[in-house]
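Me: I'd like to learn how to read a structure feature by feature. Could you walk me through this one, starting with the cysteines?

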Amino acid sequence: MKNKLLAPVMFAMAAVCVSPVSAEVVGYTTPEGIVYNVDTSSGTAALARVEASTGITELVVPDVISYNGDTYDVVAVADGACINNALLQKVEIGDKVVSVGNQSFYGCQTLESATLPASLKTVGDQAFYNCKKLLAPALPEGLESIGSYAFWSNNMTTEVNLPSTLVTLGGNPWGCCPALSAFTISEDAPNFAVVDGVLFDKNVETLISYPIGNMVTEYATPATTRVIKDNSMRNNSLLASVTLNEGLEVIGVGAFNVCRFTEITIPASVTEIGQRAFTSNPKLAEFKVAEGNKHYAVYNKFLCTIDGKTLLQGLNIEDVVIPESVENIDEYAFYNMSSIKTVKLSNARYVGQSAFYSGRQITDIDFGTSLETIDNMAFMYCTSVKEIVFPSTLRTISNKQAFLGCTMLEKLVLNEGIEAIGDGAFMMCIALKEVYIPGSVKEMGSAILSNCPSLESVEFGEGILTIGSSCVYVNSGLKRVKMPDSVVDIKDFAFGECPAVEEINIPASLETVGKAAFQNVPLGGVLTLPSNLRSVGINAFTYTQITGLVTNDLLESIGDWAFAGNYGLESVALNEGLVSIGQGAFAASDMLTSIEIPSTVVTIGDGFVSNCNALVEIINNAAEPQVLTGDPVSSEAYDECVLKVPMASIDAYGNAPYWQNFYKIEGFGSGSVDELGIGNATVEAVYDLNGVRVDRPVRGIYVIRYSDGSVRKISID
């Protein structure tokens, strides 16, 4: 049985969850789980949220609700109120609602019917976007505004009758509705008109929306048309021929995106063509530009600016040769064109976003002699290209995923002089075997070589300062990594989850290691941290199979679980100057028998040596017990493991939370400098190796100044 909610007028306040929204707006949740915003100053309310978790399939938005003894008119459905609700099937909106907000029912793919009230004035942007089962709701007379893409991709919409009261329409509200065959509107409507089922402004100068379910195969824009709006004829699979009128001035962004006609003539009057205007038209074989056009021309069959410097739109042909005059290839110019096999960029300096996206048959790319920038996703999913060699002029592979998913790419040659490689640039290039990253790279995005399982070798050139996050993350075949001593920062996950590594070096110049940077990389042996390293991130060296650890004099922090899971770890030498040891930092080190905590450590996380089954002693040099928030060891270790602390601090540790749980707490040293005297000479001053005077030395090496003027270096055990 369907769960139908009639949204009663009165709610028992004992069952209502109330939360403040602003000084005058209060949000509360009804017993059924519906959230309303109540404006106590205006006496109105708005439906704010209906989650799928409520189980509601049929929703009735009430005329009024009662809150705190007062009645409030429900006048709005708020932005995103029911966004992506996967259960809603039917909606009835109350008779006092004047506004349905942006994305209010966006992505409700089970929604079959929606009743809009006579009171309604505004339907927001994408309000019913991608509601694929929705029958076109009757638009009430009195409705004034419908936002951009409000009913986009509603598959069940067959005809739309527009109210004469409409004043404004956003970008193609009924785009991508495959069954929509016609619009209708009263001839007396003051702002809009319908000609042959196509929606225009009143003067038939702006084409707003073409019903793509119209069964005609040929269409000519009216002689009065000046503007074809963005996406207004998109996804038209039935038109075989389109004739554009002389007098047309603007062809909007994506206006004829994903259509099926074979040729198009740009009138002489056209002054503006938006990006992606003719993208993904696989049958388009020819562009023509009428004589006298001062803005556009055809070069080598391609639509270009009049000067030939920018190629706006290409064609789905086997061999693409970019004209010599072209400097810029516009975004989406050859998007998803399945016939292209070879590409020659000639003198192009810039390749725009998604320009050759999903060119799945492209086998050869000649990048020319002038290329400087490759933009986002420009060659993404070009799955047949096997070799990429960039010219010396290339400086930037921009932002995101330029060559992601080029699954047959085996050889990649990056030029010296390249300065930036964007996120995911060569991610999922599963046939790629070895890569050299030139030292000229100053900006390295994340995951540039992630998920490349055939990748065996990566070398980074001298001069590189930072290894980007997730750089070669999750590469099961990676065996060799070589980094220069210029590297100061290795970002999060940079080499994580590369379990087959046989050769890898830790640069001597390194200052920071990020989260999980070497997680599950088999480093093995004794790991000696570089002398400049100051911080080790969370999980940085987890499961690295190291047997020993030696830190440096500058290391200040060890992150949570940084060295955990190294089952063969036998020895750890931590430096004076270390300030913090994270939670679980050395957990599950089965071979570790002893660990010494420097006197400078202030913070120790829970379980820093938990599940270290062979641990027999912890030596803590801090005079003051660190404040712990949880057990430093596994509970059973308290009986077996000896805690050794400065003699003068035994009582403090014995009374400190968690430290007091150790069954054996032993002291070392006397806590006095008197015993450091030699012969008749008494101690006048004690200094650590940094020259700082120490009143109560513990374990370590110190410089002693005696009463007879002599100075000696002494080790205190």
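Me: How many disulfides does a search of the whole structure find?

Reply: The search finds 0 disulfides. Keep in mind that this is a predicted model.

Me: Why is there no bond at cysteine 177?

Reply: The idea is to compare sulfur distances with a cut-off: a disulfide needs two cysteine sulfur atoms within 2.5 Å. For cysteine 177, the closest cysteine sulfur belongs to cysteine 176 and is 7.6 Å away, so it is too far for a bond. Cysteine 177 also counts as buried, because its relative accessible area is 0%.

Me: And what about cysteine 471? Which cysteine has the closest sulfur?

Reply: That is cysteine 498, with its sulfur 9.3 Å from the one in cysteine 471, again too far for a bond. Cysteine 471 is buried, at 0% relative accessibility.

Me: Let's turn to strands. How do β4 and β5 run, parallel or antiparallel?

Reply: A general point to begin with: side chains in a regular strand alternate between the two faces of the sheet. Here, β4 (residues 35–39) and β5 (residues 44–49) run antiparallel and are joined by 5 bridges. Asparagine 37 stands opposite alanine 46 in β5. The two strands make a hairpin with 4 residues between them, and in its turn glycine 43 has a positive phi of about 75°.

Me: Which strand pairs with β5 in the parallel sense?

Reply: Strand β8 (residues 70–77) does, over 4 bridges. One position to look at is leucine 47, which stands opposite valine 77 in β8.

Me: What is the strand order in the open sheet of 3 strands?

Reply: The order is β30-β32-β34, and the pairing is parallel. β30 (319–321) and β34 (364–366) are the edge strands, each pairing on one side only. On average, neighbouring strands of this sheet are turned by 5° against each other, with direction ignored. Between β32 (residues 342–344) and β34 there are 3 bridges, and the bridge partner of threonine 342 in β34 is aspartate 364.

Me: Last topic, empty space. How many cavities of 30 Å³ or more does the structure hold?

Reply: Rolling a probe the size of a water molecule over the atoms shows where empty space is left. In this structure there are 3 cavities of 30 Å³ or more. The second largest cavity has about 40 Å³ of space.

Me: Which residues line the second largest cavity?

Reply: The lining consists of Ile273, Gly274, Gln275, Arg276, Ala277, Phe278, Leu312, Gln313 and Asp330. By class, that lining has 4 nonpolar, 3 polar and 2 charged residues.

Technical notes. Residues are numbered from 1 along each chain as its sequence is written. This is a predicted model: local features need pLDDT of at least 70, side-chain atom pairs count only at pLDDT 80 or more; totals for chains, interfaces and linings use all residues. Side-chain values use heavy atoms; hydrogens and water are left out. Two strands pair if DSSP finds at least two bridges between them. Axes are lines fitted to C-alpha atoms, for helices over the stretch in contact, and angles run from 0 to 180 degrees between N-to-C directions. On a 1 Å grid over the protein atoms alone, a cavity is a set of points where a 1.4 Å probe fits but cannot get out, and a pocket is an open set with protein on both sides within 12 Å along at least five of seven lines; lining residues have an atom within 4 Å of a point. Grid points are joined across faces, edges and corners, and a volume is the space filled by probe spheres set on the points. Ala, Val, Leu, Ile, Met, Phe, Trp, Tyr, Cys and Pro count as nonpolar, Asp, Glu, Lys and Arg as charged, and the others, Gly among them, as polar. Buried means under 20% relative accessible area, exposed over 50%, partly exposed in between (1.4 Å probe, protein chains only).
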